[in-house]
Amino acid sequence: MTDHKGRISDNKCWTADHKSQISDHKSRIFREIKYRELRRQIRECRACEELFGYEPRPILFGNADARIMQISQAPSRRVHETGKPFNDASGQKLRHDWYGITDEEFYNPDFFYIVSVAHCFPGKASGGGDRKPPKVCAGKWLLQEMELVNNEIYILVGKYAADFFFPKSNFTDLIFEDQRLNGKPAYVLPHPSPLNVKWFLDHPAFEEKRIKEIRYEIHRILNK
């Protein structure tokens, strides 16, 4: 009798676990369908064409279950031309020197979801450098992506991205302290551009210590 009850109890537990697995699977499929539709809408967006004076090319990379979501300011002209995010000197420094990973790991869509506050190259400013991207893009698209991508951590690259999510915080303080975003761990980085050399000279502790801590977390997530 006891054994019989035990078997019933085990069966009930198995049934509950099975139902939970089915529910999780259905939720994942539903989220994937919604994400694919959102991705299609983003790629077809031309809302800023009149503002830019040329046809925009929205850039995003990664799968809905990517482990790390990396958010920067906006694609550069080179990225606009190639369609490949961080395909420049800044990207080399970010991947190899800071993250300590290979190109294959960085461009693995199951590892990284790579996006920006604005999805398109905003054009060049009259005084040099890139124009600041329109924040309307983030409200229209990025926040939806953050709801659907099932990442484990966030990495924010550059002051523009940091200011968007933490508008009242000091940028340098954000870099040297762990953050929380959307209920998940978040890490803030200065932009790896060669033009940012003064910041690195003024804050040697970033490359001496802080980036090593962030690199550890990246490797921990990717090596699961």
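1. How many residues does helix α10 have, and how far does it reach from its first C-alpha to its last? In this predicted model, α10 covers residues 205-222, which makes 18 residues, and spans 25 Å between its end C-alpha atoms. That value is close to the 26 Å expected at 1.5 Å a residue.

2. Helix α10 has a kink of about 35 degrees. The kink is centred on I211, and I211 is also one of the buried residues of the helix. The others in the buried set are F206, R210, I214, E217, I218, I221 and L222. Note that R210 and E217 are on this list.

3. The UniProt record, an unreviewed entry, carries the annotation "domain: Uracil-DNA glycosylase-like" for residues 59-215. In the model, the end C-alpha atoms of residues 59-215 are 25 Å apart. Helix makes up 41% of that span and strand 15%.

4. Next, the cysteines. A search of the whole structure gives zero disulfides. Two cysteines show the reason in terms of distance. For C45, the closest cysteine sulfur belongs to C48 and is 6.4 Å away, so the two are too far apart for a bond. A disulfide here requires sulfur atoms within 2.5 Å.

5. C120 fails on distance as well: the closest cysteine sulfur, in C137, is 6.1 Å from its own, which is too far for a bond.

6. Are C45 and C120 buried or exposed? C45 is buried, with a relative accessible area of 16%. C120 is also buried, at 11% relative accessibility. Both values fall under the 20% cut-off for buried residues.

Key. Residues are numbered from 1 along each chain as its sequence is written. This is a predicted model: local features need pLDDT of at least 70, side-chain atom pairs count only at pLDDT 80 or more; totals for chains, interfaces and linings use all residues. Side-chain values use heavy atoms; hydrogens and water are left out. Buried means under 20% relative accessible area, exposed over 50%, partly exposed in between (1.4 Å probe, protein chains only). Helices (H or I, at least four residues) and strands (E, at least two) are DSSP runs, numbered from the N terminus. The expected span of a helix is 1.5 Å times one less than its number of residues. The bend at a residue is the angle between axes fitted to the seven residues ending there and the seven starting there. UniProt positions are given in the numbering used here, feature names are shortened, and annotations may be inferred rather than shown by experiment.
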